[in-house]
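Good morning, and thank you for coming. Please look at the sequence and the model on the screen while I take you through several places in turn.

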Amino acid sequence: MPETLHAQQPELSVSFADAQRAPLSPQDAGLKAKSIAQALRRAANKSRGPARVITGGGGFQARRGDRAFRLGVLASFAAIVVAPFLVASIYWGLIATRQYVTETKFALRAGEATSLDLLSGGGGGSPASQQMQDAQVLVNFIRSRSMVEALDRKIGLRAMFSRAGVDYFSSFDPDDPIEELEKYWKRRIDASIDIMSGIISVHVRAFTPQDSLMISQNVAEYSERLVNEMSTRARRDALALARSELTRAEQQLKNATAAMRDARNAEGVLDAPAAADALNKVITSLRLELARTEEDLALHGDAETLDSPQARLLTARVQSLKSQIDDYSTQIAGGGEKGADSLAQRAGVLSRHQIELSLAQQRYGVAASAFENARVDLETQRAYLISFLRPTLAEKSLYPRRWIEWAIIVAPTSIGWLALVAVAFLVRDHMAK
């Protein structure tokens, strides 16, 4: 039986005759040898060619394990691409609950500076920096647990976020603790500040337009309450401190006044300097009279005249005037036992009480001025919350953004699968060499 080998080209065929046939001529043998060499070269080039992407075949027959590799590629495509595609399409297209957004915008504005502020140097920091700091505090308060607790007490935040008919992945479990509600609240509200203008924007998402509007209105209300509280808390404390200082200064003034009264009663002098001034005037008049009397007495300078009744009267007058001057001088200031009750001694006691009374009066004046300034400052509003974009009822649901959310899931899985398959082909080709 002759054996026949068929090459890739249909027109080429090589047959070997058995030993009984006549030998080939040299020309036919060369032609057949050339045909066999060409067929072998084509088969070798085809076996060295690149494998097909899906089947992985190469050469005359598929490589060993190509079927398992092909099944793995298809299974990974179904698990990584098809399954997420179906799940995302069903959820975002049919199941995801609509969410309505209510937007509100407001800004903080500082009040006009008073004359007291200008005289006192303005307080602490520039108005712009203080305003930005207050805005940051307000944004953090909107996202804080305090706001969540206040809203939950007033409007039932848990019930709004766990309404019937809301899908499982969007709904909130009302049995969860307040910490979970705070985390959920941060996903449902967006509060931000425009650094250039200082405008605060708040976006609230809820499952009904009415709930979104109610939440936004209460957020604005509590925000305004916080602004008022921030602007008055420190001033209320300052007013209370000023009131306590005024009460203390008033009590010290009363004590000093009572001590001065008791000292005057004990010393018997209402005003020692005034009494001393009056005595000085009396002493001055007595010295003038003494000078005139001594001048008259000098006119009776001879012995006969000195024995006259008029001279003796003038001499007695001079002695009386000198005694009065000494007595009055001793009353003003004197040494020894006679000076124990002098006005100078009494003035020393009264002056100490007078100094204490003056200090008490000064402290009371300063405390009264500080209290009045604190009262005026408290009655002056320093910060305003201006809401120029008030909450309104939403008419169309803006969330979920179905195509964007769907693409966020499908696109990464598709790209990841392509990368995984590319790596698998590289590894397979490397191991096959």
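How much area does the protein chain expose, and what share of it do carbon and sulfur atoms supply? The protein chain exposes about 28,000 Å², and carbon and sulfur atoms supply 58% of that area. I should say at once that this is a predicted model.

Let me continue with the chain as a whole. The protein chain has 433 residues, of which 30% count as buried. Its secondary structure consists of 13 helices and 6 strands. If we take the contacts in the protein chain with a separation of 6 or more, 75% of them are accounted for by residues 24 or more positions apart.

I turn now to a hairpin. Strand β4 covers residues 189–193, and it pairs with β5 in the antiparallel sense over 5 bridges. Between the two strands of this hairpin there are 5 residues. In the turn we find Gly198, with a positive phi of about 80 degrees. One bridge can serve as an example: Asp190 has His203 in β5 as its bridge partner. Are the residues of strand β5 mostly covered or mostly uncovered? Strand β5, residues 199–206, is mostly covered, with 6 of its 8 residues buried. As a general remark for those new to strands, side chains in a regular strand alternate between the two faces of the sheet.

The next residue is Arg188, which belongs to helix α7, residues 178–188. Which side chain of opposite charge is nearest to Arg188, and how far away is it? That side chain is Asp167, at 7.2 Å. A salt bridge requires a nitrogen and an oxygen within 4 Å. Arg188 is buried, yet it has no salt bridge. A polar atom of its side chain does, however, lie 3.3 Å from the backbone oxygen of Ser170. What else surrounds Arg188? Leaving aside neighbours within four places in sequence, the contacts of Arg188 include His203, Val204 and Arg205. Gln99, Phe161, Ser170 and Phe207 are also among them. Note that His203 appears here as a contact of Arg188, and that it was also the bridge partner of Asp190.

We come to the charged pairs. In general, side chains of opposite charge can pair when their charged atoms come close. How many salt bridges does the count give? The count comes to 12 salt bridges, and I shall discuss three of them.

The first example is the salt bridge between Glu179 and Arg145, whose closest N and O atoms are 3.4 Å apart. This pair links distant parts of the chain, since Glu179 is in helix α7 and Arg145 is in helix α5, 34 residues apart. Glu179 is partly exposed, with a relative accessible area of 38%, and Arg145 also counts as partly exposed, at 33% relative accessibility. Arg145 and Glu179 are linked with Glu149 in a network of salt bridges.

The second example involves Asp152, found in helix α5, residues 145–155. The side chains of Arg158 and Asp152 meet in a salt bridge, at 3.4 Å from N to O. Is Asp152 buried or partly exposed? Asp152 counts as partly exposed because its relative accessibility is 22%, whereas a buried residue would be under 20%. Apart from neighbours within four places in sequence, Asp152 is in contact with Leu157, Arg158 and Leu181. The C-alpha atoms of Asp152 and Ile178 are separated by 9.7 Å, and these two residues lie 26 residues apart along the chain.

The third example is found within one helix. Arg225 forms a salt bridge with Glu221, and their closest N and O atoms are 3.2 Å apart. Why are these two residues about one helical turn from each other? They are separated by about one helical turn because they are 4 residues apart in helix α8, residues 209–267. Arg225 counts as partly exposed, at 45% relative accessibility, and Glu221 is partly exposed too, at 33%.

Finally, I would draw your attention to Ser358, which lies in helix α12, residues 343–379. Ser358 counts as partly exposed, at 25% relative accessibility. Which separation in space goes with its 101 residues along the chain from Thr257? The C-alpha atoms of Ser358 and Thr257 are separated by 9.5 Å.

Thank you for your attention.

Terms used: Residues are numbered from 1 along each chain as its sequence is written. This is a predicted model: local features need pLDDT of at least 70, side-chain atom pairs count only at pLDDT 80 or more; totals for chains, interfaces and linings use all residues. Side-chain values use heavy atoms; hydrogens and water are left out. Buried means under 20% relative accessible area, exposed over 50%, partly exposed in between (1.4 Å probe, protein chains only). Lys and Arg count as positive and Asp and Glu as negative; His and the chain ends are not counted. A polar contact is a pair of N or O atoms within 3.5 Å; within protein, one must be able to donate a hydrogen and the other to accept it, and residues adjacent in sequence count only if both atoms are side-chain atoms. Contact means heavy atoms within 4.5 Å. Two strands pair if DSSP finds at least two bridges between them. Accessible areas come from the Shrake-Rupley method with a 1.4 Å probe; for residues, only the protein chains shown count as cover.
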